[in-house]
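Please open the structure in your viewer and keep the selection tool at hand. The tour proceeds stop by stop, stating at each one what to select and what is found there.

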Amino acid sequence: MTLSFASQALIDAGRWIDQRGWCPATGGNFSMRLGDDRALVTASGRHKGYLTDEDFLQVNLAGEAITPGKPSAETLVHTALYRLSPQIGAVLHTHSVASTVLSRLTPGDHLPLEGFEMQKSLQGNLTHEATVCLPIFDNTQDMQILAEQIEQRWRARPLQWGLLVRGHGLYAWGQTIDEARRHLEGLEFLFACEMEMRRLGGRG
Ligand SMILES: CSCCC(=O)C(=O)COP(=O)(O)O
Ligand SMILES: [Zn+2]
């Protein structure tokens, strides 16, 4: 994976995500794996719709910057995911209204989604009849703690596709940037459907 391919892929993803309103007001952060031991991550505090080549830096998988700049405040979540699975090649973190609200409306540690054809947008999911369970973690400003909680839950059972942080947003990932984008878009569609079902009092 070359640096210029990765930064252009994340710039493109940022424009696309911004057009959908999923990263308002500098919210969100993105990364791509550059190899076994490093990743490219967005700099902290940048608007994700207007990223340029200057808005990225490299970090090792302990989350430490190895090129100049201040990495995203949430870098430790990205690097925890890269450590947990060598299959993960890209991570997109967004702050959509649906992920923020639905994660607050849902008690417990996961959001069940069932009965939607679009569950098949998530890798390995072949039917609307299975229940997709998306993990929810309580929000914290301590990224070390959040990263440890993710690692702990992953070791009990590997997580798939993404996770929600309550009242905060979604982390979606994939083997490639294209797969991460598909998981993000599929999950956002499912969240919007679930919100509408709850608003209308529907089931079935
Ligand atoms: C106004 S966004 C609050 C911080 C956050 O949750 C986020 O995703 C952006 O943080 P970063 O340091 O990556 O810009
Ligand atoms: Zn965030």
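## A guided tour of the model

Begin by selecting Phe189, which is partly exposed because 15 other C-beta atoms lie within 10 Å, between the limit of 12 or fewer for an exposed residue and that of 20 or more for a buried one. Please bear in mind throughout that this is a predicted model. Phe189 belongs to helix α5, which covers residues 177-200. Now add Gln119 to the selection: although 70 residues separate it from Phe189 along the chain, the two C-alpha atoms are 9.4 Å apart.

**The annotated span**

Next, select residues 8-195. An unreviewed UniProt entry lists this stretch as "domain: Class II aldolase/adducin N-terminal". Its secondary structure is 34% helix and 21% strand, and the C-alpha atoms at its two ends lie 33 Å apart.

**The sheet**

Switch to a cartoon view and colour the strands. In what order do the eight strands of the open sheet lie? Reading across, the order is β3-β2-β1-β4-β8-β7-β6-β5, and the pairing is mixed. At the edges are β3 (56-60) and β5 (110-113), each of which pairs on one side only. Direction ignored, neighbouring strands of this sheet are turned by 20 degrees against each other on average.

Now select β2, residues 38-42, together with β3. These strands run antiparallel and are joined by five bridges. Within this pair, Thr42 is found opposite Phe56 of β3. Add helix α2, residues 75-84, to the view: this helix packs on the sheet and touches β1 (29-33), β2, β3, β4 (90-94) and β8 (169-174). The direction of α2 makes about 150 degrees with that of β2.

**Strand β1**

Select β1 next. This strand is mostly covered, since five of its five residues are buried. Show the side chains: Asn29, Ser31 and Arg33 point one way, whereas Phe30 and Met32 point the other way.

Which strands does β1 pair with? On one hand, four bridges join β1 to β4, and the two run antiparallel; here Asn29 stands opposite His93 of β4. On the other hand, three bridges join β1 to β2, also an antiparallel pair, in which Arg33 faces Ala39 of β2. Together, β1 and β2 form a hairpin with four residues between them.

**Strand β4 and Val91**

Move to Val91, which is placed in strand β4. Why does Val91 count as buried? The reason is that 27 other C-beta atoms lie within 10 Å of its own, and a residue is buried at 20 or more. Select Phe30 as well: it is 61 residues from Val91 along the chain, yet their C-alpha atoms are separated by 5.8 Å. Leaving aside neighbours within four places in sequence, the contacts of Val91 are Ser31, His78, Leu81, Tyr171, Trp173 and Ala180.

**Two annotated histidines**

Select His93 and His95, the positions where the unreviewed UniProt entry places the feature "binding site". His93 lies in strand β4, while His95 is in the loop between β4 and α3 (97-105).

Are these two residues buried or exposed? His93 counts as buried because it has 29 C-beta neighbours inside 10 Å. His95 is buried as well, because 21 C-beta neighbours lie inside 10 Å.

Display their surroundings, again leaving aside residues up to four places away in sequence. His93 is in contact with Gly28, Asn29, Phe30, Glu74, Gly169, Leu170 and Tyr171. His95 touches Trp22, Cys23, Pro24, Gly27, Gly28, Thr100 and Gly169.

**The shell of ligand 1**

Keep His93 selected and display ligand 1. Which residues surround ligand 1? The shell consists of Ala25, Thr26, Gly27, Gly28, Asn29, Thr42, Ser44, Gly45, Ser72, Ala73, Glu74 and His93. Sorted by class, two of these residues are nonpolar, nine are polar and one is charged. Some names will be familiar from earlier stops: Asn29 stands opposite His93 in the β1 and β4 pair, and Thr42 stands opposite Phe56 in β3.

**Last stop: helix α3**

Finally, select helix α3. Its buried residues are Ala98, Ser99, Thr100, Leu102 and Ser103. To see what covers them, display the elements around the helix, which include β4, β5, β6 (132-137), β7 (162-165), β8 and α5. Helix α5 is the element in which the tour began, at Phe189.

Definitions and conventions:
Residues are numbered from 1 along each chain as its sequence is written. Chains are lettered from A and ligands numbered from 1 in the order in which they are written. This is a predicted model: local features need pLDDT of at least 70, side-chain atom pairs count only at pLDDT 80 or more; totals for chains, interfaces and linings use all residues. UniProt positions are given in the numbering used here, feature names are shortened, and annotations may be inferred rather than shown by experiment. Two strands pair if DSSP finds at least two bridges between them. Axes are lines fitted to C-alpha atoms, for helices over the stretch in contact, and angles run from 0 to 180 degrees between N-to-C directions. Two residues are in contact if their C-beta atoms, placed from the backbone, lie within 7 Å. A residue is near a molecule or strand if its C-beta atom, placed from the backbone, lies within 6 Å of it. Ala, Val, Leu, Ile, Met, Phe, Trp, Tyr, Cys and Pro count as nonpolar, Asp, Glu, Lys and Arg as charged, and the others, Gly among them, as polar.
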